[in-house]
Amino acid sequence: MCVLVPQVNPDGSEAGERRNANDMDLNRNHVMLSEPESNAVHQLFLDWMPEVTLDVHEYNAVLTRWVEEGYLKDAEEMLGGVTNLNIDSGIIDFTRNVFIPETGKGIEDDGFRFHRYIVGSPFDGGVVRYSTTAINDGRHSFGIYNTLSFIIEGKRYGNLTNEIERRTKAQVSAILNFLKTSNRHAADILPLVKQARMRMADQGESYIQMEYFPDTDRPTLNFPVFDLNTWTHTNKDLVNYKPLVKVKTSVDKPAAYSFDASETKLIEILKRHRFSMFVLKADQQLETETYQIKHVTDGVDEEKHTYLVDLEKTVQNETLQAGTIIVPVEGAASNLIPLILEPESTWGIVATRATGKDLFSSYLTEGQSYPVKRLVSIERLKTEKLEY
């Protein structure tokens, strides 16, 4: 079974813009799901839970800093896979060592220049890396469910119509070779994904911050470029190359999270993700872990703004009031839930904007308690399911 969505951003496409009619970058809206387009794609994904997904994009190869150095990016098709370390290592390895190379070879055999998807710049101390680990982009928002999830970036030659015939043929080649690789390895992919999804409940840690680092064995990356001085297609060794993803901060997964029913904005977001939520039927004493926000400063992860949170965790027995919302860390979303709700998460609700607003910045008020608590155990908890 193959499900095809031919257009996700019709308003942006009509206007020749990346953003939708609400001025929102849909590929940075996979946590909040505030936009109808991104929300619709996630509902489709959750209906079908496919083992393999592909997000089709184009990238602008004519970048000012590259042109100043005399080059254009020259990979006609770039294929990127998952790199977030919360995703099963078997899926990451299969993606990097089997799926991308085989698909790339097919694209090259069709006469198009190929490379694994990279972003960034080697100039002026910039960084070259394999895109992002963020669950707020389409690839990782599906990959976090232990899906073989990919993005294709076709080369755009300046404006929207330049070299349109070759661009179209290159994209067709990329998609067809992607499907061929999926079909050729179906007997490997289906059990790989099934077993990885079954193991999610056994993963005791959540990696809430990670970053790309250099590899001393691979200090540069050989990448196809168009040399504007010689007017030739060639390759260049890019410096400031950071291929290794490492964990910076991790937390143990709790049994569940809880928060007051008055947090309606949070409830609506979790509903869009279809997280199972329950309502406490009566006052009940539980062991809770509560974060005290001590200090918040601006920081940078993957060259983008984030918050650095200095906090203290207190463990206590307390009485949770009837009506409290309980979100168990279980099931298909057990990798995703902590990444959205932990205050230190690079990709959580406190670090993510929706429609231009920091909707949950008040959660990081210095001197106050973070309103989402961690529950050590939910055994014998008297609840009823929150229906929606």
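## Q171 and its surroundings

In this predicted model, Q171 sits in helix α6, which spans residues 164-184. Its relative accessible area comes out at 12%, which is under the 20% cut-off, so Q171 counts as buried.

What does Q171 touch once residues up to four places away in sequence are set aside? The list is V56, H57, E58, E77, I152 and G154.

## The nonpolar cores

Now for the greasy part. The largest nonpolar core has 86 residues, and the members that touch the most others are L148, L266, L270, F275, I340, L341 and I349. Which helix gives this core its largest share? That would be helix α4 (residues 89-109), with six residues.

L270 is a handy one to click on, being among those best-connected members. Skipping neighbours within four places in sequence, L270 is in contact with F259, F275, M277, V327, I340, L341 and Y388. Another core lies apart from the largest one: it has seven residues, including L286, I326, L375 and L381.

## Aromatic pairs

Searching the whole structure turns up 11 aromatic pairs. One of them is F45 with Y145, a tilted pair with centres 5.4 Å apart and 55 degrees between the planes. This pair links distant parts of the chain, as its two residues are 100 residues apart. F45 belongs to helix α2 (residues 36-48), while Y145 is in the loop between α5 (138-143) and β7 (148-156). Are these two rings buried or exposed? F45 is buried, at 4% relative accessibility, and Y145 is buried too, with a relative accessible area of 4%.

F226 and W231 make an edge-to-face pair, at 5.0 Å centre to centre and with 80 degrees between the planes. Here the partners differ in exposure: F226 is buried, with a relative accessible area of 11%, whereas W231 counts as exposed, at 61% relative accessibility. For W231 the call follows because 61% is over the 50% cut-off.

## A cluster, and lysines over rings

Some rings gather in a group: Y291, F360, Y363 and Y370 form one aromatic cluster. F360 has a further partner in K265, which lies over the face of the F360 ring, 5.5 Å from the ring centre.

Where does K246 lie relative to F213? K246 is over the face of F213, at 5.4 Å from the ring centre.

Terms used. Residues numbered from 1 in each chain as written. Predicted model: local features only at pLDDT ≥ 70, side-chain atom pairs only at ≥ 80, totals over all residues. Heavy atoms only, no water. Helix = DSSP H or I, 4+ residues; strand = E, 2+ residues; numbered from the N terminus. Buried < 20%, exposed > 50% of the residue type's maximum accessible area, 1.4 Å probe, protein only. Contact = heavy atoms within 4.5 Å. Core = buried A, V, L, I, M, F, W, Y, C linked by side-chain atoms within 4.5 Å. Phe/Tyr/Trp six-rings, centres within 6.5 Å; stacked < 30°, edge-to-face > 60°. Lys NZ or Arg CZ within 6 Å of the ring centre and 35° of its normal.
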